[in-house]
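Student: Pick one part of this model and go through it closely. Keep the surroundings in view.

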Amino acid sequence: QTTAVREYFDSLGLDVSDAWSFFKLLDSDGGGTVEVEEFLLGCLRLRGQARAMDIAKLASDQKWLIQSQGRFQHFVQDELAA
């Protein structure tokens, strides 16, 4: 929340007003932590207009939904087979 950090992200064209979503997008392997390489590559991927950030968030959310649906489907199939 320091001014210097905000100015740095602004200079890269990154909207970090939603810090949770931003770091979730940077955590490309889903490990719960953001490694240096993930941070750097993620910042390069997300820089520019806010639309890039919005599209990346939608893609991340969609990936999570697909994975969750797959787990649920397997659970239902296992329960019905028992």
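**A loop residue and its surroundings**

Tutor: Outside its neighbours within four places in sequence, Val 34 contacts Phe 23, Leu 26, Asp 27 and Phe 39 (contact: heavy atoms within 4.5 Å). The model is predicted, so to speak of its limits: local features need pLDDT of at least 70, side-chain atom pairs count only at pLDDT 80 or more, and totals for chains, interfaces and linings use all residues. Residues are numbered from 1 along each chain as its sequence is written, and side-chain values use heavy atoms, with hydrogens and water left out.

Val 34 sits in the loop between helix 2 and helix 3 (helices are DSSP runs of H or I, at least four residues, numbered from the N terminus). Its relative accessibility is 29%, so Val 34 counts as partly exposed (buried is under 20% relative accessible area, exposed over 50%, partly exposed in between, with a 1.4 Å probe and protein chains only). Its C-alpha atom is 8.4 Å from that of Lys 24, ten residues apart along the chain.

Now helix 2. Its buried residues are Ser 21, Phe 22, Leu 25 and Leu 26. They lie on the same side of helix 2, because they cover an arc of only 140 degrees around the axis (the arc is that of the directions from the helix axis to the C-beta atoms).

Helix 3 follows the loop. There, Glu 38, Gly 42, Cys 43 and Leu 46 are buried. Their arc is 125 degrees seen down the axis, so they line one face of helix 3. Val 36, Glu 37, Leu 41 and Leu 44 are exposed on the other side.

Both helices feed the largest nonpolar core (buried Ala, Val, Leu, Ile, Met, Phe, Trp, Tyr and Cys residues joined through side-chain atoms within 4.5 Å). This core has ten residues: Phe 9, Leu 14, Val 16, Phe 22, Leu 25, Leu 26, Cys 43, Leu 46, Met 53 and Ala 56. Helix 2 (19-26), helix 3 (36-46) and helix 4 (50-81) each give two or more. Helix 2 gives the most, with three. Take Leu 25: beyond four places in sequence, Leu 25 touches Arg 45, Leu 46, Met 53, Ala 56, Lys 57 and Ser 60.

Ser 60 also belongs to the lining of the largest pocket (on a 1 Å grid over the protein atoms alone, an open set of points where a 1.4 Å probe fits, with protein on both sides within 12 Å along at least five of seven lines; lining residues have an atom within 4 Å of a point). The lining has 15 residues, with Lys 24, Asp 27, Ser 28, Ser 60 and Lys 63 nearest the pocket centre. Helix 2 and helix 4 are the elements that give two or more residues to this lining. Helix 4 gives the most, with eight. Asp 27, at the pocket, is also one of the Val 34 contacts.
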